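Thanks for coming, everyone. I'd like to walk you through one model today, so please have the sequence and the structure up in front of you.

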Amino acid sequence: MSSLAAGVSHSCALLVDRTVRCWGATSAAGQTGDATTPRLTPAPIAGLPAVNAISGFGEHVCALLADSTVRCWGVNSAGQLGDGTKTDRSAPVPVAGLGGA
């Protein structure tokens, strides 16, 4: 494991192969990467190529990808996912306005 990020009731691990796995409770927002609740064991997060870092807080998680873009998922009631909406996301979405490679 490379790093760990924890939220209110979920956790995510960045593995040395640069993939992310999450587990724990989730709302319909899908902090564990889908709408399944709960995830009792780590499950892969689809749609995240080559992750360099992860961060979790509250009920959302963000990943910094190797191409310098950021994708986030989970609760988005205050726009914390950065996708220009207040829609909860159960799968990673790109953060608007952050340049890539």
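**Strands, cores and two disulfides**

Let's start at one spot in a sheet: Gly-24 stands opposite Arg-39 in E4. Before I go on, keep in mind that this is a predicted model.

So, what joins E3 to E4 there? Three bridges do, and the two strands run antiparallel. On the E2 side, Gly-24 in E3 has His-10 opposite. That brings in the next pair: strand E2, residues 10-14, and strand E3, residues 20-24, are antiparallel too, with five bridges.

Zoom out a little, and you get an open sheet of four strands, in the order E1-E2-E3-E4, paired antiparallel. The edges are strand E1 (3-6) and strand E4 (39-44), and each has a single partner strand, so one side of each has no neighbour in the sheet. On average, neighbouring strands in this sheet are turned by 15 degrees against each other, if you ignore direction.

Now look at the hairpin of E2 and E3. How many residues sit between the strands? There are five residues between them, and Arg-18 in this hairpin takes a positive phi near 70 degrees.

Next, the faces of E3. As a reminder, side chains in a regular strand alternate between the two faces of the sheet. In E3, the covered face has Val-20, Cys-22 and Gly-24, while Arg-21 and Trp-23 are on the uncovered one.

Trp-23 gives us a way across to Ser-11, because those two are bridge partners, with Trp-23 in E3 and Ser-11 in strand E2. Is Ser-11 buried or exposed? Ser-11 is buried, as its relative accessible area is 18% and the cut-off for buried is under 20%. If you leave out residues up to four places away in sequence, Ser-11 touches Ala-5, Ala-6, Arg-21, Cys-22 and Trp-23.

On to the disulfides. How many does the structure hold? It holds two. For anyone who has been away from protein chemistry for a while, a disulfide is a covalent bond between the sulfur atoms of two cysteines.

One of them joins Cys-12 to Cys-22, with 2.0 Å from S to S. Cys-12 is in strand E2 and Cys-22 in strand E3, so this pair ties together parts that lie ten residues apart in sequence. The link of Cys-12 and Cys-22 is right-handed, with 110 degrees about the S-S bond. Both Cys-12 and Cys-22 are buried.

The other disulfide joins Cys-62 to Cys-72, at 2.1 Å from S to S. Here Cys-62 is in strand E6 and Cys-72 in strand E7, ten residues apart, and the pair links distant parts of the chain. The link of Cys-62 and Cys-72 is right-handed, with 110 degrees about the S-S bond. As for burial, Cys-62 has a relative accessible area of 17%, so it counts as buried, and Cys-72 is buried with 2%. If you number the bonded cysteines in sequence order, the pairing reads 1-2, 3-4.

Those cysteines take us to the cores. Generally speaking, nonpolar side chains in soluble globular proteins tend to be buried together. In this model, the largest nonpolar core has 13 residues, and those with the most contacts inside it are Cys-12, Val-20, Leu-48, Val-51, Ile-54, Ala-63 and Trp-73. Which strands supply at least two residues each? They are E2, E3, strand E5 (51-57) and strand E6 (60-65). E6 gives the largest share of this core, at three residues. There is also a second, separate core of five residues, and among them are Cys-62, Val-70, Cys-72 and Leu-81.

My last stop is a loop. Thr-85 is in the one between strand E7 (70-74) and strand E8 (89-94). With 27% relative accessibility, Thr-85 counts as partly exposed. Which side chains does it make polar contacts with? The side chain of Thr-85 has a polar contact of 2.9 Å with the side chain of Asp-83, and another of 3.4 Å with that of Arg-89. Leaving out residues up to four places away in sequence, Thr-85 touches Asn-76 and Gly-79.

That's my tour. Over to you for questions.

How values were computed: Residues are numbered from 1 along each chain as its sequence is written. This is a predicted model: local features need pLDDT of at least 70, side-chain atom pairs count only at pLDDT 80 or more; totals for chains, interfaces and linings use all residues. Side-chain values use heavy atoms; hydrogens and water are left out. Two strands pair if DSSP finds at least two bridges between them. Axes are lines fitted to C-alpha atoms, for helices over the stretch in contact, and angles run from 0 to 180 degrees between N-to-C directions. Buried means under 20% relative accessible area, exposed over 50%, partly exposed in between (1.4 Å probe, protein chains only). Contact means heavy atoms within 4.5 Å. A polar contact is a pair of N or O atoms within 3.5 Å; within protein, one must be able to donate a hydrogen and the other to accept it, and residues adjacent in sequence count only if both atoms are side-chain atoms. A nonpolar core is a set of buried Ala, Val, Leu, Ile, Met, Phe, Trp, Tyr and Cys residues joined through side-chain atoms within 4.5 Å. A disulfide is a pair of cysteine sulfur atoms within 2.5 Å.
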